[in-house]
Amino acid sequence: MPSDAWYAAKIVFALYEDCGPCTQLAVDMAERGGVKPEVLRAVLAGDIAAMPADVALTFRFAEAVLARAPETDELREAVLASWGPRSLVSLAFAMTVAQLYPTVKFALGHGQACRRVTVGGQAQPVQRRAA
């Protein structure tokens, strides 16, 4: 599956748990993975209209999974149709792992307040969306 779509799902989950250092780490990995800054900015802003179609699909899927929303089944089928079962498993693990470190960090008392995330060397405000 396209790396920008995979990273979008991971960032959605990172943002849900943490809009600070862990989200920055996910964004940095996405940048190193070749995801364009404008795509990352759209994901961080929650601007679905500005996302490429594949990124918008995984973004919407990740948000639906977080919310345990009824449209999750439809979006899951779209992911399967687009990239197959291995990609679905990869997305599931990426989303799960994105929550691991922020959860451990906060449980151990090392959580930090939300802050701007840097994309392409520029500060980017984040749109933290409730599930």
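Modeller: A contact here means heavy atoms within 4.5 Å. Before you start asking: this is a predicted model, where local features need pLDDT of at least 70 and side-chain atom pairs pLDDT 80 or more, while totals for chains, interfaces and linings use all residues. Residues are numbered from 1 along each chain as its sequence is written, and side-chain values use heavy atoms, with hydrogens and water left out.

Biologist: Thanks! Among contacts between residues at least 6 apart in sequence, what share joins residues at least 24 apart?

Modeller: The count starts with pairs in the protein chain that are at least 6 apart in sequence. Of those contacts, the share joining residues at least 24 apart is 69%.

Biologist: Which element of the protein chain has the highest mean pLDDT?

Modeller: The chain's mean pLDDT (the predictor's confidence in each residue, from 0 to 100) is 89, with 92% of residues at 70 or more. Strand E2, residues 122–124, has the lowest mean among the elements, 78. The highest, 98, belongs to residues 72–83, which form helix H5.

Biologist: Which pattern does the protein chain follow along the sequence?

Modeller: Helices (H or I, at least four residues) and strands (E, at least two) are DSSP runs, numbered from the N terminus. The chain has six helices and two strands. Read along the sequence, they give α-α-α-α-α-α-β-β.

Biologist: What radius of gyration does the protein chain have?

Modeller: The C-alpha atoms fill a box of roughly 40 × 30 × 25 Å along the principal axes. The radius of gyration is taken over C-alpha atoms, and the globule rule is 2.2 Å times the number of residues to the power 0.38. For 131 residues, a compact globule would come out near 14 Å, and the chain agrees with its 14 Å.

Biologist: Is Val27 buried or exposed?

Modeller: Val27 sits in helix H2, residues 21–32, and it touches Ile11, Leu40, Leu44, Val117, Thr118 and Val119, leaving aside residues up to four places away in sequence. Relative accessible area (1.4 Å probe, protein chains only) under 20% means buried, over 50% exposed, and in between partly exposed. Across the chain, 41% of the 131 residues count as buried. Because its relative accessibility is 0%, Val27 is buried.

Biologist: Which residue forms a salt bridge with Arg76?

Modeller: The structure holds one salt bridge (a side-chain nitrogen of Lys or Arg within 4 Å of a carboxyl oxygen of Asp or Glu). Arg76 and its partner are three residues apart in helix H5, so about one helical turn separates them. Arg76 is partly exposed at 27% relative accessible area, and the partner is also partly exposed, at 47%. The closest N and O atoms are 2.7 Å apart, and the partner is Asp73.

Biologist: What is the angle between the planes of Trp6 and Tyr7?

Modeller: A search of the whole structure finds one aromatic pair. In it, Trp6 and Tyr7 lie 4.9 Å centre to centre. Rings of Phe, Tyr and Trp (its six-membered ring) pair with centres within 6.5 Å; planes under 30 degrees apart are stacked, over 60 edge-to-face, the rest tilted. This pair is edge-to-face, its planes meeting at 80°.

Biologist: And near what value is phi of Arg68?

Modeller: Most residues other than glycine have a negative phi. Arg68 lies in the loop between helix H4 (53–67) and H5, and it is exposed at 68% relative accessible area. Its phi is positive, near 55°.
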